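Morning, everyone. I have one structure to show, and three places in it to talk through. Here it comes.

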Amino acid sequence: MASKPQAPNKAQKRTRILVVDDHPMVRERLAEVINREADLVVCAEAEDRYEAIETIKARQPTLVIVDITLKNSDGLELIKDIHSRWPGLLMLVVSMHDESLYAERVLRAGARGYITKQEATRSILRAIRRVLDGQIFLNENTASQIIGRLTAPNLENTASPVDSLADRELQVFELTGRGLNTRQIAERLHIGVKTVETYRHRIREKLRIEHATDLLRSAIAWAHQSTE
């Protein structure tokens with residue numbers, strides 16, 4: 001029978017973790033799980049990019065747990081920003097989104113692992129400790145898929161059409177599928193309306209979609225599938 005973690009004494013230093021998620025209940029659940037560990041503590045929480053950056057400056061965590069979708073901001077862009085400002089700061093993505101699509105992107109952006117919110121508590125703790133130990137954490141299936149794509153003789157034959165989208169194009173595609181209009185997407189991503197229209201044109205070309213209405217249907221279907 002596993003013994004319960006002992007409460008840390010005053011001399012014991014706990015690893016500081018920042019949780020960045022736009023859902024208060026998710027932040028509360030993660031904090032509850034992490035704070036039960038004798039050597040880990042959630043030192044702060046944030047719901048968007050601005051709060052995350054300011055909190056990192058003030059609290060100096062060792063690890064940041066980030067969601068892909070944040071309030072009025074984008075988790076993937078936040079990861080890139082953090083990695084640029086603090087290259088040594090460890091990041092782990094805990095998200096509801098499709099790991100097979102996003103895992104490779106977040107690793108390229110600077111995160112050290114990806115795990116879905118549906119995973120058991122012990123898996124999330126294992127992911128945290130793996131990243132803190134300087135390793136990459138992915139589930140076995142996702143890791144195999146990434147290795148398969150990297151070692152395939154013809155990479156184009158192993159990727160889905162959506163995989164061909166650049167990070168910003170994927171963000172526009174996802175937000176379109178979540179029902180945001182052009183101006184709302186521009187405000188969310190802090191870019192111009194014409195820039196959003198340009199990204200949509202590129203998306204249609206890459207996905208071989210002729211009409212804007214077909215793009216909307218495809219985006220809605222993909223967004224629904226990626227969050228199941």
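A quick definition to begin: helices here are DSSP runs of H or I, at least four residues long, numbered from the N terminus. One more thing before the tour: this is a predicted model.

Start with helix α2. It spans residues 49-59. Just after α2 comes Gln-60, with a positive phi of about 50 degrees. Now go to the start of α2. There, a side-chain oxygen of Asp-48 comes to within 3.4 Å of the backbone nitrogen of Tyr-50.

Which residues of α2 are buried? Ala-52, Ile-53, Thr-55 and Ile-56. They lie on the same side of α2, because they cover an arc of only 165 degrees around the axis. Turn to the other side of α2, and Tyr-50 and Ala-58 are exposed. What do the buried residues of α2 pack against? Three strands and a helix: β1 (15-20), β2 (40-46), β3 (63-66) and α3 (75-85).

Next stop, a lysine. Lys-117 sits in the loop between β7 (114-116) and α5 (121-132). Buried or exposed? The relative accessibility of Lys-117 is 18%. The cut-off for buried is under 20%, so Lys-117 counts as buried.

Which side chain does Lys-117 join in a polar contact of 3.0 Å? That of Asp-67. Now set aside the neighbours of Lys-117 within four places in sequence. Lys-117 is then in contact with Asp-21, His-23, Val-26 and Arg-29. Asp-67 is in contact too, and so are Val-94, Ser-95 and Met-96.

Last stop, empty space. Rolling a probe the size of a water molecule over the atoms shows where such space is left. How many cavities of 30 Å³ or more does the count give? One. The largest cavity holds about 60 Å³ of space.

What lines the largest cavity? At least two residues each come from β4 (69-70), β5 (73-74), α7 (167-177) and α8 (182-189). The largest share, three residues, is from α7. By name, the lining includes Ile-68, Thr-69, Leu-70, Ser-73 and Asp-74. Further along the chain, it includes Gln-171, Glu-174, Leu-175 and Arg-178, then Arg-188 and Leu-189. By class, that lining has four nonpolar, three polar and four charged residues.

To recap. Helix α2 has Ile-53 among its buried residues and Tyr-50 exposed on the other side. Lys-117 is buried and has a polar contact with Asp-67. And the largest cavity draws its largest share of lining from α7. That's my tour.

Note on methods: Residues numbered from 1 in each chain as written. Predicted model: local features only at pLDDT ≥ 70, side-chain atom pairs only at ≥ 80, totals over all residues. Heavy atoms only, no water. 1 Å grid on protein atoms, 1.4 Å probe; cavity = no way out; pocket = protein on both sides within 12 Å on 5 of 7 lines; lining within 4 Å. Points joined across faces, edges and corners; volume = space filled by probe spheres on them. Nonpolar A, V, L, I, M, F, W, Y, C, P; charged D, E, K, R; others polar. Buried < 20%, exposed > 50% of the residue type's maximum accessible area, 1.4 Å probe, protein only. Arc of directions from axis to C-beta. Contact = heavy atoms within 4.5 Å. Polar contact = N/O pair within 3.5 Å; in protein donor to acceptor, adjacent residues only side chain to side chain.
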